[in-house]
Amino acid sequence: MKGWLCALLLLETFVSVVQQQVDGGLGENEISQQFSNEDRRPNPAQTDTRRDETSTDSQQYCHLCFSDIHAALRDLTATVTEQKANIRALETRLREQQTFILEELNKKTDGILPAHSLFYQLEIAFSAALMESGSGDIGPFTTDITLTYRKVFTNIGNAYNPITGIFTAPLKGAYMFSFAVYGHANPSTPSTVSIVKNGERVVVAHGHQDQYSVNSSKGVVLILEVGDVVYVRLWSGSRISDNQNNHITFSGYLLFPLR
């Protein structure tokens, strides 16, 4: 019975030491020292003057248990130490890989966009009406003219110039443009305007009738390179009209950037 009690005590000590080792609390030398102290602890069975042959056998069995447990603990200590070293090595490699990936991403994105914040670059939109105030007619003229939309509602990114009436693409991408034309009825004078990209007509909005007002509107998606320009031109021989209701407008915005 005493042999089993000894084995149980050693087993409890073994479990406690293993738990401390896993948690990083003890080293291998400290573990050996702890079990050496345990081995030197006075054995109540040895101080018992009434011990007999049964107690002697129990003590021998207890020492055998201690030897087996101590050997197993040394093996477990070596295994846990090795695993800790492997984990530290993996953590170091992971940090190195993360640093490398971030550096490569920075290299690839460097220079793709102009020196502005990415958020600012992706926010490009404008909308403007022809007249700032009042009302009146424009045209007819003997040549095509570029319309300047002076009443600006929105100009995020400042890509539209209200002085020249020209939109200049700040980055390559797909852009959506829309425009509207309005005029008074006239049997000989139409109301015709067109969107122009880099000097080339793209889409035309036209209205012409003898009675009542005329209006027309169009939209188009254009692929623009950095520096491409888009604007609206009034055709020669045409007349348009506007007032405080802002019938004639020109708008555009970036749908998405392109590489």
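Visitor: Which strands each supply at least two residues of the nonpolar patch?

Guide: Those are β10 (214-224) and β13 (249-257). Of the two, β13 deserves a special mention, as β13 gives the most to the patch, with three residues. Please keep in mind that we are looking at a predicted model.

Visitor: Which residues form that nonpolar patch on the surface?

Guide: The patch is formed by Val-221, Ile-223, Tyr-253, Leu-255, Phe-256 and Leu-258, and together they offer about 520 Å² of accessible area.

Visitor: Why is Val-221 called partly exposed?

Guide: Val-221, which lies in strand β10, has a relative accessible area of 45%. Partly exposed covers the range between the buried limit of under 20% and the exposed limit of over 50%. The value for Val-221 is 45%, so Val-221 is partly exposed. A patch residue needs over 30% relative accessible area, and Val-221 meets that with its 45%.

Visitor: What makes strand β7 largely enclosed by the rest of the structure?

Guide: Strand β7 spans residues 173-183, and nine of its eleven residues are buried, so β7 is largely enclosed. Buried here means under 20% relative accessible area.

Visitor: How do you know that β7 pairs with β10, and in which sense?

Guide: Pairing takes at least two bridges between two strands. β7 and β10 have eleven bridges, in the antiparallel sense, so they count as a pair. As an example, Tyr-175 has Leu-222 in β10 as its bridge partner.

Visitor: How many bridges join β7 to β13?

Guide: Seven bridges join them, and the two strands run antiparallel. Tyr-175 appears here too, standing opposite Leu-254 in β13.

Visitor: What makes strand β1 mostly covered?

Guide: Strand β1 consists of residues 125-129, and four of its five residues are buried. β1 is joined to β13 by five bridges, again antiparallel, with Tyr-253 in β13 as the bridge partner of Ala-125. That Tyr-253 is also one of the residues in the nonpolar patch. β1 also pairs with strand β4 (residues 151-156), in the antiparallel sense over five bridges, and there Ala-128 has Val-152 as its bridge partner.

Visitor: Why is the contact between Asp-144 and Arg-201 called a salt bridge?

Guide: The definition asks for a side-chain nitrogen of Lys or Arg within 4 Å of a carboxyl oxygen of Asp or Glu. The side chains of Asp-144 and Arg-201 meet at 2.8 Å, N to O, so the pair qualifies. The pair links distant parts of the chain: Asp-144 is in the loop between β2 (136-138) and β3 (145-146), and Arg-201 is in strand β9 (residues 200-207), 57 residues apart.

Visitor: What makes Glu-225 and Lys-172 a salt bridge?

Guide: Their side chains meet at 3.6 Å, N to O, and the limit is 4 Å, so this pair qualifies as well. Glu-225 sits in the loop between β10 and β11 (229-234), while Lys-172 sits in the loop between β6 (166-168) and β7, so the pair ties together parts that are 53 residues apart in sequence. Lys-172 has a relative accessible area of 24% and is therefore partly exposed rather than buried, given the buried limit of under 20%. Glu-225 is partly exposed too, at 40%.

Visitor: How many salt bridges does the structure hold, and how many helices and strands does the chain have?

Guide: The structure holds two salt bridges, and the chain has five helices and 13 strands. Buried residues make up 32% of its 259 residues.

Conventions: Residues numbered from 1 in each chain as written. Predicted model: local features only at pLDDT ≥ 70, side-chain atom pairs only at ≥ 80, totals over all residues. Heavy atoms only, no water. Patch = residues over 30% accessible without salt bridge, like charges linked within 9 Å, V, L, I, M, F, W, Y side chains within 5 Å. Areas by Shrake-Rupley, 256 points an atom, 1.4 Å probe, with all protein chains shown as cover. Buried < 20%, exposed > 50% of the residue type's maximum accessible area, 1.4 Å probe, protein only.
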